[in-house]
Amino acid sequence: MTAPTAATVGLTVTHRRYVPYSHAHYAGNLVDGAYSLAAFGDVATEMCIRTDGDEGLFASYSDVQFKAPVRAGDVIEIEARLVRAGTRSRELEFEVRVVGRGTPERGESAAEILDPPVVATTARGVVVVPAPAAPAS
Ligand SMILES: C/C=C/C(=O)SCCNC(=O)CCNC(=O)[C@H](O)C(C)(C)COP(=O)(O)OP(=O)(O)OC[C@H]1O[C@@H](n2cnc3c(N)ncnc32)[C@H](O)[C@@H]1OP(=O)(O)O
């Protein structure tokens, strides 16, 4: 078992995943904005496990920006960066980047890597972790 690291400002956690076609919701195979928020919750959970040895709880989001669509068939990278560590609160900046995408004009299953990636969604959020247990006396 590895002990949690300190909640060091600048620490990042990145997940990468394929967006299944079962999540297509709108015209053009767009997924809903909540998909990005759910993905932010997952990277925030890993962040809390790493910093505090607990999954933590999401308290609030601010400044959610949908800058470009996320589509079924995309390969996305989801990043959380610790920007402030309070007593029990941890403030995070989030980004979803599209790093791969289908190219249906070349064929049904054709796809390419996007270089540079497309920044699709950004946000800030606060997660709260339990207070550390008092040392045994
Ligand atoms: C990782 C992802 C997980 C999820 O997605 S879970 C699903 C969604 N989330 C939930 O269901 C959580 C529901 N909310 C709660 O259970 C509670 O509500 C909280 C546990 C989030 C907070 O409640 P309390 O423990 O009573 O908070 P306090 O003792 O008043 O404050 C502790 C620290 O948390 C900061 N804080 C509390 N609420 C907010 C807020 N809404 N926005 C920003 N910060 C908040 C405070 O300032 C303080 O910070 P300082 O310890 O650093 O001094």
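In this predicted model, aspartate 63 is exposed, because just 10 other C-beta atoms lie within 10 Å, and a residue with 12 or fewer counts as exposed. Aspartate 63 sits in strand β2. Its backbone has a feature worth pausing over: phi is positive, about 50°, although the residue is not a glycine.

Asparagine 29 offers a second example of a positive phi in a residue other than glycine, here with a value near 60°. This asparagine belongs to the loop that links β1 (12-18) and α1. Is asparagine 29 exposed or partly exposed? With 18 C-beta neighbours inside 10 Å, asparagine 29 is classed as partly exposed, since that class lies between the limits of 12 or fewer for exposed and 20 or more for buried.

A further backbone detail appears in strand β5, where proline 116 is located. The peptide bond leading from aspartate 115 into proline 116 is cis, and its omega is near 10°.

Strand β5, which spans residues 111-128, also helps to surround the ligand. Together with α1 (33-52) and β2 (57-66), β5 is one of the elements that each contribute at least two residues to the shell. Which residues come nearest to the ligand? Out of the 17 residues around the ligand, they are Ser60, Gly86, Thr87, Arg88 and Ser89. By residue type, the shell is made up of 8 nonpolar, 7 polar and 2 charged residues.

Attention now turns to the interior. The largest nonpolar core contains 21 residues, and the members with the most contacts inside it are Phe40, Val43, Ala44, Met47, Val70, Ala80 and Leu92. Two or more core residues come from each of α1, β3 (75-85), β4 (89-102) and β5. Of these, α1 gives the largest share, with 6 residues.

Leucine 92 is a helpful residue to follow through the structure above. Setting aside neighbours within four places in sequence, leucine 92 contacts Ala44 and Met47, then Ala80, Arg81, Leu82 and Val83, and finally Arg124, Gly125 and Val127. Among these partners, Ala44, Met47 and Ala80 are listed with leucine 92 as core residues with the most contacts.

Finally, the chain can be viewed as a whole region. In an unreviewed entry, UniProt lists residues 9-133 as "domain: HotDog ACOT-type". Over this stretch, the model is 16% helix and 48% strand, and the C-alpha atoms at the two ends are 22 Å apart.

Technical notes:
Residues numbered from 1 in each chain as written. Predicted model: local features only at pLDDT ≥ 70, side-chain atom pairs only at ≥ 80, totals over all residues. Near = placed C-beta within 6 Å. Helix = DSSP H or I, 4+ residues; strand = E, 2+ residues; numbered from the N terminus. Nonpolar A, V, L, I, M, F, W, Y, C, P; charged D, E, K, R; others polar. UniProt positions renumbered as here; feature names shortened; annotations may be inferred. Core = buried A, V, L, I, M, F, W, Y, C linked by C-beta atoms within 7 Å. Contact = placed C-beta atoms within 7 Å.
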